[in-house]
Amino acid sequence: MLAERSYETEFHAAHLIIDHPHCGRLHGHTYKLKVYVQFDTKIWFDFNDLKHYVDEVLVNYDHTVLGCSYYKQEDVLPIQDPKHVHITLEVMTMTAEMIAQKIKAELTPSLFYKLGGDFILKVELKETSSFGVKV
Ligand SMILES: [Zn+2]
């Protein structure tokens, strides 16, 4: 018999979509993530296992700049003026689809280990209350 478990959480992150009229500027979202796993009930799969796997992946997303491959802090002014710090970021486009696919790919090995490859994983990611993707 097949069953489907889901886990819903959120994380905060910044991203941009290069050359997009609005989203081309670095901005942030409170992303709503919902993960669905369909599996055979012959295998014990606890809700907390799913939460643990998802939370483990999201540690690398929460409070980050998504798609940031390079970060360098330069010209740090003396401690008397800590508000003025010059940083350099190299950021690539990260659409909601790309982020959802990346989370799905990073979640798959843990689920494969737990469920032996016999599962269907879907990841739903909402950038706003109106717009989201499901992969
Ligand atoms: Zn956005």
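**Two helices on a five-stranded sheet**

In this predicted model, a good place to start is the contact between two helices, where Asp-49, Tyr-53, Val-54 and Val-57 of α1 meet Ile-103, Glu-106, Leu-107, Ser-110, Leu-111 and Lys-114 of α2. Sorted by character, the residues of this contact comprise six that are nonpolar, one that is polar and three that are charged. The axes of α1 and α2 come within 10 Å and cross at roughly 140 degrees, and the crossing is right-handed.

Beside these helices there is a sheet, and its layout is worth following strand by strand. Strands of a sheet pair through backbone hydrogen bonds, either parallel or antiparallel. Here five strands form an open sheet in the order β3-β1-β2-β6-β7, with mixed pairing, and the edges are taken by β3 (64-65) and β7, each of which pairs on one side only. At the β3 edge, strand β1 (residues 2-15) runs parallel to β3 and is joined to it by two bridges, with Ala-14 having Val-65 in β3 as its bridge partner.

How do the helices lie against this sheet? Helix α1 (residues 47-58) packs on the sheet and touches β1 and β2, its direction making about 25 degrees with that of β1. Helix α2 (residues 96-115) also packs on the sheet, but touches β2, β6 and β7, and its direction makes about 150 degrees with that of β6.

Further along the sheet, strand β2 (residues 27-40) and strand β6 (residues 119-126) run antiparallel and are joined by eight bridges, and Leu-33 has Leu-125 in β6 as its bridge partner. Strand β6 in turn pairs in the antiparallel sense with β7 (residues 132-134) over three bridges, among them one in which Lys-126 has Gly-132 of β7 as its partner. A hairpin of five residues leads from β6 to β7.

The helices and the sheet come together again in the largest nonpolar core, which has 19 residues, and in which Val-35, Ile-103, Leu-107 and Leu-125 touch the most other members. Two or more residues of this core are given by each of β2, α1, α2 and β6, and the largest share, six residues, comes from α2.

Which residues does Val-35 contact, leaving aside its neighbours within four places in sequence? They are Ser-6, Tyr-7, Leu-50, Val-54, Leu-107 and Val-123. Two of these, Val-54 and Leu-107, also appear in the contact between α1 and α2, which brings the description back to the helix pair where it began.

Key
Residues numbered from 1 in each chain as written. Predicted model: local features only at pLDDT ≥ 70, side-chain atom pairs only at ≥ 80, totals over all residues. Pairing = 2+ DSSP bridges. Helix = DSSP H or I, 4+ residues; strand = E, 2+ residues; numbered from the N terminus. Contact = placed C-beta atoms within 7 Å. Axes fitted to C-alpha atoms, helices over the stretch in contact; angles between N-to-C directions. Left-handed = near helix turned anticlockwise from the far one by under 90°. Nonpolar A, V, L, I, M, F, W, Y, C, P; charged D, E, K, R; others polar. Core = buried A, V, L, I, M, F, W, Y, C linked by C-beta atoms within 7 Å. Buried ≥ 20, exposed ≤ 12 C-beta atoms within 10 Å, placed from the backbone.
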